[in-house]
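The following exercises are to be worked with the sequence and the coordinates at hand. Each task is followed by a solution in steps.

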Amino acid sequence: HTFFAVTRDPAQRWISGLNEFMCRYKPPLEWVVGQVEKGKFIFDEHTGPQTTFLRLCLENQGKIKLIRMEGDLSVKVNLFMKNNTEDYKPFPVPHLRDSKYFTPNYKPLCAKIYNEYVEPNNKEFLDLYESDYELYAKGI
């Protein structure tokens, strides 16, 4: 079998994941900023490395096709399905969990946290998510 996984740009995934975390658990903003300032970037499964979810495939040389979450996912996923399944029929691939529809929506605030506290000195972030950047680069 060949599996596929959708990978995201690690910084964009972290921003979106932080939004999910904040919407779900509603932590005090000062606490979140304080944690990020200390170099803590993982709050839950939404902000942890993507490689965690692909570990079994990656460690056991599983056949996996990586698809970047950019552009039209329907085209990329349908091409994979057409090449790897019998009785293929095209289907749309909507982004059903787009965080712009979250209420409340902290995504602009999460982007600001990334831009102000992570990006200026991002060596720790890049080190933590290095394998995710490698996966993302390998995707189509």
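Two rings of Phe, Tyr or Trp (for Trp, its six-membered ring) form a pair if their centres lie within 6.5 Å; planes over 60 degrees apart count as edge-to-face. The model is predicted.

**Exercise 1. Aromatic pairs**

Task: Classify the ring pair of Trp14 and Phe125, and state which parts of the chain this pair links.

Solution.
Step 1. The search of the whole structure yields ten aromatic pairs. For Trp14 and Phe125, the ring centres are 6.0 Å apart and the planes make an angle of 85°.
Step 2. Because the distance is within 6.5 Å and the angle is over 60 degrees, this pair is edge-to-face.
Step 3. Trp14 belongs to helix H1 (residues 10-25) and Phe125 to helix H6 (residues 123-128). With their positions 111 residues apart, the pair links distant parts of the chain.
Step 4. Both Trp14 and Phe125 are buried.
Step 5. Following the ring pairs further gives a cluster made of Trp14, Phe41, Tyr114, Phe125 and Tyr129.

**Exercise 2. The nonpolar core**

Task: Determine how many residues the largest nonpolar core has, and which element gives the most to this core.

Solution.
Step 1. The largest nonpolar core has 17 residues. Those with the most contacts inside it are Trp14, Leu18, Val36 and Phe125.
Step 2. H1, H2 and H5 are the elements that give two or more residues to this core.
Step 3. H1 gives the most, with six residues.
Step 4. Leaving aside residues up to four places away in sequence, Val36 touches Trp14, Phe41, Phe43, Ile113, Tyr117 and Val118.

**Exercise 3. The two sides of helix H7**

Task: Establish which residues of helix H7 (residues 130-138) are buried, and what covers them.

Solution.
Step 1. Asp132, Leu135 and Tyr136 are buried in helix H7.
Step 2. These residues lie on the same side of H7, because they cover an arc of only 100° around the axis.
Step 3. Ala137 and Lys138 are exposed, on the other side of H7.
Step 4. The cover over the buried residues includes strand S1 (2-7), H1, helix H3 (51-59) and strand S2 (63-68).
Step 5. Tyr136 also has a charged partner: the charged end of Arg68 sits over its ring, 5.4 Å from the ring centre.

**Exercise 4. Salt bridges within helices**

Task: For the salt bridges Glu20 with Arg24, Glu116 with Lys112 and Asp127 with Lys123, give the N to O distance, the position in the helix and the accessibility of each partner.

Solution.
Step 1. Side chains of opposite charge can pair when their charged atoms come close. Six salt bridges are found in the whole structure.
Step 2. Glu20 and Arg24 meet at 3.0 Å, N to O. Because they are four residues apart in helix H1, about one helical turn separates them. Glu20 is buried, since its relative accessibility is 11%, whereas Arg24, at 42%, is partly exposed. Glu20 and Arg24 also belong to a network of salt bridges that includes Glu45.
Step 3. In the bridge of Glu116 with Lys112, the closest N and O atoms are 3.9 Å apart. Because these two are four residues apart in helix H5 (residues 107-118), they are separated by about one helical turn. Glu116 is partly exposed at 43%, and Lys112 is partly exposed at 45%.
Step 4. For Asp127 and Lys123, the closest N and O atoms are 2.8 Å apart. Both lie in helix H6, four residues or about one turn apart. Asp127, with a relative accessible area of 45%, is partly exposed; Lys123, with 54%, is exposed.

**Exercise 5. Positive phi in loops**

Task: Locate Lys26 and Asp87 in the chain, and decide whether each is buried or exposed.

Solution.
Step 1. Lys26 is not a glycine, yet its phi is positive, about 50°. Lys26 is placed in the loop between H1 and helix H2 (29-37).
Step 2. With a relative accessible area of 53%, Lys26 is exposed.
Step 3. Asp87, likewise not a glycine, has a positive phi of about 55°. Asp87 lies in the loop between helix H4 (73-84) and H5.
Step 4. Asp87 is exposed, its relative accessible area being 70%.

Terms used:
Residues numbered from 1 in each chain as written. Predicted model: local features only at pLDDT ≥ 70, side-chain atom pairs only at ≥ 80, totals over all residues. Heavy atoms only, no water. Phe/Tyr/Trp six-rings, centres within 6.5 Å; stacked < 30°, edge-to-face > 60°. Buried < 20%, exposed > 50% of the residue type's maximum accessible area, 1.4 Å probe, protein only. Lys NZ or Arg CZ within 6 Å of the ring centre and 35° of its normal. Arc of directions from axis to C-beta. Contact = heavy atoms within 4.5 Å. Salt bridge = Lys/Arg side-chain N within 4 Å of Asp/Glu carboxyl O. Core = buried A, V, L, I, M, F, W, Y, C linked by side-chain atoms within 4.5 Å.
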